[in-house]
Every structure is written in structure tokens, then in C-alpha cells.
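Subject: Structure handover

Hello,

Here is the structure I promised to pass on. Please open it beside this email, and my notes follow below.

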Amino acid sequence: MLDFLSIDVGSIIFTLLNTLILFLVLKHFLFGRVNKVLEDRQNEVSSTYKNADATLENANQLKSQYTELMAGAKEEGAEIVQNAIKKAQHSSDDILANAKSEAQHIIERANLETERELKKAKAELQDEVSDMAMLMAEKIVQREINKADHEKLINDFIDKES
């Protein structure tokens, strides 16, 4: 009964040699390929991480450029609005100045026209008064006038002019 519990050194050495030969055969045919697949996969994962990092860095650069462009666009937009406001104010001032100038010219022309009409009316009135004076002088010369006739002529003249 003790035979099956006994240790046989020859069996142990044979088992170790078989294990070593099996290891070397597997190493030669299997481990090289498995290690190559593992290395390829490791390289692929590293490459993917590098590409992801490069893409992330590129995205961050694009984001910063976009942010700068947006800030520049806001400043440019504000500047355009300010320029438009200045141009509109300048145009408004020009229009008001032109309108005031035109109004002043219209007023001056109206004043000149009024003065002309007033001079014309005065001249016509003077002509009429001198014509009336001539008529009165003719009537006076034609007959001798007393005080009552004189007042009647003046009243007739005033009534005729009114």
C-alpha cells in the first residue's frame, strides 16, 4: 500500500522534462504569435490613445480660435454699430442744418417779397393819392370851394377809397 504513496525520482524528472519540452514547443509555436498579437493590440491601443489626444488637442485649439473669432466678431459688430450710429447722427445733423438753412432762405425770400409788395402797395397808394389830389385840384380849379364843399370832397374821397 505504500507503493502508490512513494515518490519516484525518475517519474518526477520525466514529468519535469516533458513539461520543459512542452513549454519550449509552446513557446516556439504559440507564445511568439500570442505575444505578437498582444504587442500589436497594445500598439493599436496606444495609437488610438495618441490619436484621441491629438484630436482633443486639435479640438481645444479650434475652440480657442472660435472663442477668439467670436470675441473679435463681437468687437467688430459693436464697432460697426458705433460707426453706423455716428454716420446716422452726422446725416441727421446735415439734414437738420440743410433744413434750417433752407428755412432761413425761405424766410428771407418771404421777407423780401413782403418788402417788395409793401413798397409796391405804397407806390400804388402814392399814385392813387396823387391822382386823387390832381382830381381834387382840378375840381377845385373848376369851381370855387367853400368849407362845406371841401369837407364833402374829402369825405367822398375817403368813402370812395374804402
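Arg109 is a good place to start: this residue is partly exposed, with 48% relative accessible area. Please keep in mind that the model is predicted.

What does Arg109 pair with? Its side chain meets that of Glu102 in a salt bridge, 3.6 Å from N to O. Glu102 is partly exposed too, at 41% relative accessibility.

The structure holds four salt bridges. Here are two others.

Lys36 bridges to Asp40, and their closest N and O atoms are 4.0 Å apart. The two residues sit four positions apart in helix H1, so about one helical turn separates them. Lys36 counts as exposed, at 54% relative accessibility. Asp40 is partly exposed, at 41%.

Arg116 forms a salt bridge with Glu113. Here the closest N and O atoms are 3.1 Å apart. Both residues lie in helix H1, three residues from each other, which is about one turn of the helix. Glu113 is partly exposed, with a relative accessible area of 35%.

Next, the surface charge. Which residues form the negative surface patch? They are Glu117, Glu124, Asp127, Glu128 and Asp131. Take Glu128 as one of them. Glu128 is found in helix H1, which covers residues 9-142. Its relative accessible area is 37%, so Glu128 counts as partly exposed.

Across the protein chain there are 20 positive and 29 negative charges. The mean positions of the two sets are 3 Å apart.

Now the overall form. The protein chain has two helices and zero strands. Its C-alpha trace spans about 195 × 30 × 15 Å along the principal axes. How does the radius of gyration of the protein chain stand against that of a compact globule? The protein chain has 63 Å, whereas a compact globule of 162 residues would have a value near 15 Å.

Burial is the last item. Of the 162 residues in the protein chain, 2% count as buried. The accessible surface comes to about 14900 Å². Carbon and sulfur atoms account for 61% of that surface.

If you want a route through the model, begin with the salt bridge between Arg109 and Glu102. Then look at the pair Arg116 and Glu113 in helix H1. Finish at the negative patch, which includes Glu117 and Asp131.

Best wishes

Definitions and conventions. Residues are numbered from 1 along each chain as its sequence is written. This is a predicted model: local features need pLDDT of at least 70, side-chain atom pairs count only at pLDDT 80 or more; totals for chains, interfaces and linings use all residues. Side-chain values use heavy atoms; hydrogens and water are left out. Patches are made of residues with over 30% relative accessible area and no salt bridge: like charges are joined within 9 Å, nonpolar side chains (Val, Leu, Ile, Met, Phe, Trp, Tyr) within 5 Å. Accessible areas come from the Shrake-Rupley method with a 1.4 Å probe; for residues, only the protein chains shown count as cover. Lys and Arg count as positive and Asp and Glu as negative; His and the chain ends are not counted. The place of a charge is taken as NZ of Lys, CZ of Arg, CG of Asp or CD of Glu. Buried means under 20% relative accessible area, exposed over 50%, partly exposed in between (1.4 Å probe, protein chains only). The radius of gyration is taken over C-alpha atoms; the globule rule is 2.2 Å times the number of residues to the power 0.38.
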